Amino acid sequence: MKTQELISTANALFAGDKGLLAMDESTSTCNKRFAEAGIPQTIEYRRAYRELIVTTPKLGECLSGAILYDETIYQSTKDGVLFIDKLKEAGIIPGIKTDEGTINLAGFPGEKITAGLDGLDDRLAKYYQLGARFAKWRAVITISDTIPTRGAIEANMHTLARYAAMCQQAGIVPIVEPEVLMDGSHTLEKCFEVTRNVQHELFHQLFNQNVDLEALVLKPNMVIPGTDATKHASIDEVANATVTCLLETVPAAVPGIAFLSGGQSPADAAAHLNAMHKLYKGKLPWGLTFSYARAIQQPVMDLWRGKDENVEKAQKMLHFRASLDNAARRGEYTPAMEA
Ligand code: 13P
């Protein structure tokens, strides 16, 4: 019974042209983004910002799911409605970030491992009771001349697979997020090689841990040159490299893939998703959508700036950005829509 429910939830996240909003920044990440936008870094401003998001009119037209954070899942609008209930009212499936951030990986200088497996089963049971139906766990892989190492890739993908197995046991769809960072000067080809290795190892570990591939969502990076790379890639080059990599590594049993934006501009993130749909229409075995944080929220935060009088225009921007990503999923996005 649980399995069928999990499969239905996973598929519902890929309904129509919808996608996901990652609004699950940890307190420290949210405070960092607030500081950059000149917004005070208090619990009340974080609550007010998340209220702005969940009360945006017609957001359910654009989003199938939204990922909350532990602090946020217990918070309410100023009228006393839990955010999680606001999302459900709008037809948006609530999800929850379950990892506890990254720490140094012992024995592997410069590499990280994600914390949070201890006690995860209890937290998942609590989140399920609160109404969360999917979860997220982010593993981070960095590229330099000497890393990533085999050991770090294996440890991180093993951890992701253990998390995914625990989620499914708790009746929650796991989003598995192996993020190969854009930081650095590496080429598109190097990103392709590392992403391919990482995803290959991920599915090996998911298989070993008896994870049901029909009841999970992959949240990968796009295959893209590093932020400081001297050679840039065109929109179609990124789209082609990304889909080629996914076709080689992701089994057809997986219902769908929802990309992170990873520091791309909102316009680039939309254009890349759009190109994948244009170039590969009818040729993909899984759904392909967005699960962006920065590429949707950055312009929203910049407009809001912590002021009540800016809420309405910030909400319009949120709806607008998400609807451009919907257009990208249909292969109908054009840069002219940005105006
Ligand atoms: P970005 O879209 O900003 O990369 O965030 C997505 C995410 O959920 C990171 O864990």
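**Close-ups of a predicted model and its ligand**

**View 1. The whole chain, for orientation.** With 339 residues, a compact globule would be expected to have a radius of gyration near 20 Å, and the 19 Å found for this chain agrees with that. This is a predicted model, so read every value here as computed from its atoms. Lay the C-alpha trace along its principal axes and it spans about 50 × 45 × 40 Å. On the secondary-structure side, the chain has 12 helices and 10 strands.

**View 2. Where the ligand sits.** The ligand is found in the largest pocket. Two elements give two or more residues to the shell around it: strand 6 (134–141) and strand 10 (287–292).

**View 3. Who is around the ligand.** Going along the sequence, the surrounding residues are A22, K136, R138, E177, K219, L260, S261, G262, S291, Y292, A293 and R294. Sort this shell by class and you get 4 nonpolar, 3 polar and 5 charged residues.

**View 4. Polar contacts to ligand oxygens.** Zoom in on K136 and you'll see a polar side-chain atom 2.5 Å from an oxygen atom of the ligand. R294 also brings in its side chain, with a polar atom 2.7 Å from a ligand oxygen. G262 uses its backbone instead: a polar atom there is 2.6 Å from an oxygen atom of the ligand. As for burial, the ligand taken alone exposes 300 Å², and the protein buries 93% of that.

**View 5. A cis peptide bond at P148.** Have a look at the bond from I147 to P148: this peptide is cis, with omega near 10°. P148 belongs to the loop that runs between strand 6 and helix 7 (150–169). Strand 6 may ring a bell, as it is one of the elements giving two or more residues to the ligand shell.

**View 6. A positive phi at N210.** N210 isn't a glycine, yet its phi is positive, at about 60°. You'll find N210 in the loop between helix 8 (188–208) and strand 8 (217–218).

Notes:
Residues are numbered from 1 along each chain as its sequence is written. This is a predicted model: local features need pLDDT of at least 70, side-chain atom pairs count only at pLDDT 80 or more; totals for chains, interfaces and linings use all residues. Side-chain values use heavy atoms; hydrogens and water are left out. A residue is near a molecule or strand if one of its heavy atoms lies within 4 Å of it. A polar contact is a pair of N or O atoms within 3.5 Å; within protein, one must be able to donate a hydrogen and the other to accept it, and residues adjacent in sequence count only if both atoms are side-chain atoms. Accessible areas come from the Shrake-Rupley method with a 1.4 Å probe; for residues, only the protein chains shown count as cover. On a 1 Å grid over the protein atoms alone, a cavity is a set of points where a 1.4 Å probe fits but cannot get out, and a pocket is an open set with protein on both sides within 12 Å along at least five of seven lines; lining residues have an atom within 4 Å of a point. A molecule sits in a cavity or pocket if more than half of its atoms lie within 2 Å of its grid points. Helices (H or I, at least four residues) and strands (E, at least two) are DSSP runs, numbered from the N terminus. Ala, Val, Leu, Ile, Met, Phe, Trp, Tyr, Cys and Pro count as nonpolar, Asp, Glu, Lys and Arg as charged, and the others, Gly among them, as polar. The radius of gyration is taken over C-alpha atoms; the globule rule is 2.2 Å times the number of residues to the power 0.38.
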